[in-house]
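Colleague: I should like to learn how the features of such a model are to be read. Please take them in turn, with the general idea before the particular case.

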Amino acid sequence: MSDNSPDAPGASRNPAMRSAVELLASMRFAIALLTVICIASVIGTVLKQHEPVNNYVNQFGPFWAELFLALKLNAVYSAWWFLLILAFLVTSTSLCVARHAPKYLADIRNYKENIREKSLQAFGLKASAHLDEAPGAAARRVAEQLVRLGWKVRVQERPGPQGSGFMVAAKAGAANKLGYIAAHSAIVLICLGGLLDGDLIVRAQMWLGGKTPYKGGGLISEVAPEHWLSARNPTFRGNLVVSEGAQSGTAILTQSDGLLLQDLPFSLELKKFIVEHYSTGMPKLFASEVIIHDKATGEAQPARIEVNHPASYKGIEIYQSSFDDGGSRVHLRARPLQLGLAPFQIEGVIGSSASLEPGRLPGAASLEFTALRVLNVENMGAEQAGSSGADVRRVDLRDSIEARLGAGNKTVTRRELKNVGPSISYKLRDSAGQAREFHNYMLPVEMGDGQLPVYLLGVRESPAEPFRYLRVPLDSEGGMEGFLRLRLALADPLLRQQAVRRYAASAVEGNRPELAEQLALSAGRALALFAGTETDARGRGNGGLQAVSRFIEDNVPEAERERAGEVLIRILNGALVELAQMTRTQAGLAPMPQDETTRSYMAQLVLSLSDAQAYPAPAVLELTDFTQVQASVFQVARAPGKNVVYLGCALLILGVFAMLYVRDRRLWVWLAPQDQGAQATMAMSSNRKTLDGGREFAQLSTHVLGTPPTKG
């Protein structure tokens, strides 16, 4: 492109119009447009597109979310300003091609044989020699030699006082100028293809055809016609979700303010969704075995769709995009964490919700079944508590207590992928509409580092937060009953009192009632603080190791806190062991043996009970059984601009290659009569000065004239 080019064809004589055309066709304007497109593309890549508004609010805050929506940054590639920039770029590049292509094509056809012979002396690459041939014979010989070397040649005879002279004009590398036209035309084609395959056609139907996004819910069959796009829609790109054993013929086109329904000329039936895994548990193949049913003819065509291996039907490409739950049925068991609640069973379908009877789960009005994941591949070598969330623990118990937290609060950098089994996600929503999300694993998870397997019970307040996990160690019976029994026993003051007496009696040797009474008071105070039934001097409660730590900070001088903490933790652990043994006796189980396994179990159990004080639900919903129904998420696209873009890319590659690696060369040989022969003068020009150009001219000079070039 050039800013000093002649007027575009058809340009108006109006100065303002002429200035506008000059600006549109200028290089600086096109570069500015390309810069804005590059910046917009970076934004569209970094910022997730077409997300729900709440996701932007949660991640960036209300101010930035509102700004993003106002500038359409949540849908960059379909924003009106992005399409307008593409349109201007198409216009600018088209004007540039229209202005320069005729000149370049004319230059390609022109041999420039009318150049004056004296002008050849001004060229940097020139040579001269005396030939024994007549000028005409020499001109024929030179022309034939150049043709054999791949040059296009034209010979011009010029009469003179001493006889006719001959100008041999040759050219090579015309593809260089064709490369310019091809590269700039490619930009036009790629932008046109992007406009065709973008949202421009859909937007036009919304602006001119009365189509509006649908913002409600309900059955697809009940959606009004103004929210539907015809099956003859020339271009679209949407998602199609099909459950196993079901079929669907309606694609969803997500818009920033709702969605549009795209009617397809076929319906897609999912026979089977296939997932294959590596030995680590990571998936290596997603595939769908489908049947395509033609709505017009009823023809059924089987197909297999894999990632990067789409199916095509009537000009519509069907891609394997992802997978989802297709309505699996799950069975949950409520395990109470508070006294006075009874366990119960409940079942439901993923994606549905169930109302809860008042008092069944205090604070919860409904239960929403949000997700079932049969496979969970986690990095068990990373920071513990699973790769999808952080540890629930937010405790500062100084060095004496931190030393007893085990490996769970230490960072491990190794990487070890492992499938840890199924998990269930659900939400408990209160009467005010506020919800907490829970994510519980069905099977105990091996955490490594010598720890016992644990049940992971996750919770978060909003989707913008990671899950925080309560880790419940596996008891000797292979479940979490030991944790649940001890959790409920801690809330019972009579059981705590009995456990304190048993601990004091077993810990004091001999007949020392005063020491036993003092130890019982300390153990009772520690258990009450840990259970959260007693507040500290400032009225703070909530229990757990945090409460014990605050009690020490408020009542013990700083110099003695470390030793006092060790003593109080030892007393607390002893009382909890007695309480755990009592719960086992009540359940008809044998007492735990006094061995290393029991000590490890109790150490982890104390931490779990401490963390449980921050668990915000009155019960844990445990996944006991499920019937999985899978669904495939397909992307369906009718993209007429795809072939246009492919053609543009091919032209761009060829054009750039031609401009960079093909040199436009011109060669002239002037043969004038002299004595009984001819005086030959040869010169060459090139659009780029390179070492190859000098070597080529030297070879031509030697081959044609029999003499090396003249340095000039």
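Modeller: Let us begin with the naming of elements: helices (H or I, at least four residues) and strands (E, at least two) are DSSP runs, numbered from the N terminus. R158, for example, lies in strand β2, residues 152-158. The model is a predicted one, in which local features need pLDDT of at least 70 and side-chain atom pairs count only at pLDDT 80 or more, while totals for chains, interfaces and linings use all residues. Residues are numbered from 1 along each chain as its sequence is written, and side-chain values use heavy atoms, with hydrogens and water left out.

Colleague: Is R158 buried or exposed?

Modeller: The classes rest on relative accessible area: buried means under 20%, exposed over 50%, and partly exposed in between, with a 1.4 Å probe and protein chains only. R158 has a relative accessible area of 15%, and is therefore buried.

Colleague: With which side chain does the side chain of R158 make a polar contact?

Modeller: A polar contact is a pair of N or O atoms within 3.5 Å; within protein, one must be able to donate a hydrogen and the other to accept it, and residues adjacent in sequence count only if both atoms are side-chain atoms. The side chain of R158 has such a contact with the side chain of Q156, at 2.7 Å. In addition, a polar atom of the R158 side chain lies 2.7 Å from the backbone oxygen of E113.

Colleague: How should a sheet be read, and which strands form the open one?

Modeller: Strands of a sheet pair through backbone hydrogen bonds, either parallel or antiparallel. Here, two strands are taken to pair if DSSP finds at least two bridges between them. Three strands form an open sheet in the order β13-β12-β23, with antiparallel pairing. β13 and β23 (619-627) each have a single partner strand and stand at the edges, so one side of each is left without a neighbour in the sheet. Neighbouring strands of this sheet are turned by 25 degrees against each other on average, direction ignored; the axes are lines fitted to C-alpha atoms, for helices over the stretch in contact, and angles run from 0 to 180 degrees between N-to-C directions.

Colleague: How many bridges join β12 to β23?

Modeller: Eight bridges join these two strands, and R329 stands opposite T627 in β23. Between β12 (residues 329-336) and β13 there are six bridges; V330 has G348 of β13 as its bridge partner.

Colleague: Which side chains along β13 point to the buried face?

Modeller: In β13 (residues 344-349) the side chains alternate: F344, I346 and G348 point to one face and are buried, whereas Q345, E347 and V349 point to the other and are not.

Colleague: Which residues form the nonpolar patch on the surface?

Modeller: Patches are made of residues with over 30% relative accessible area and no salt bridge; like charges are joined within 9 Å, nonpolar side chains (Val, Leu, Ile, Met, Phe, Trp, Tyr) within 5 Å. A salt bridge is a side-chain nitrogen of Lys or Arg within 4 Å of a carboxyl oxygen of Asp or Glu, and accessible areas come from the Shrake-Rupley method with a 1.4 Å probe, where for residues only the protein chains shown count as cover. The patch consists of F60, F63, W64, L67 and L71, with about 480 Å² of accessible area together. Helix α4 (residues 62-70) supplies its largest share, three residues. L71 belongs to the loop between α4 and α5 (80-109), and is partly exposed at 41%.
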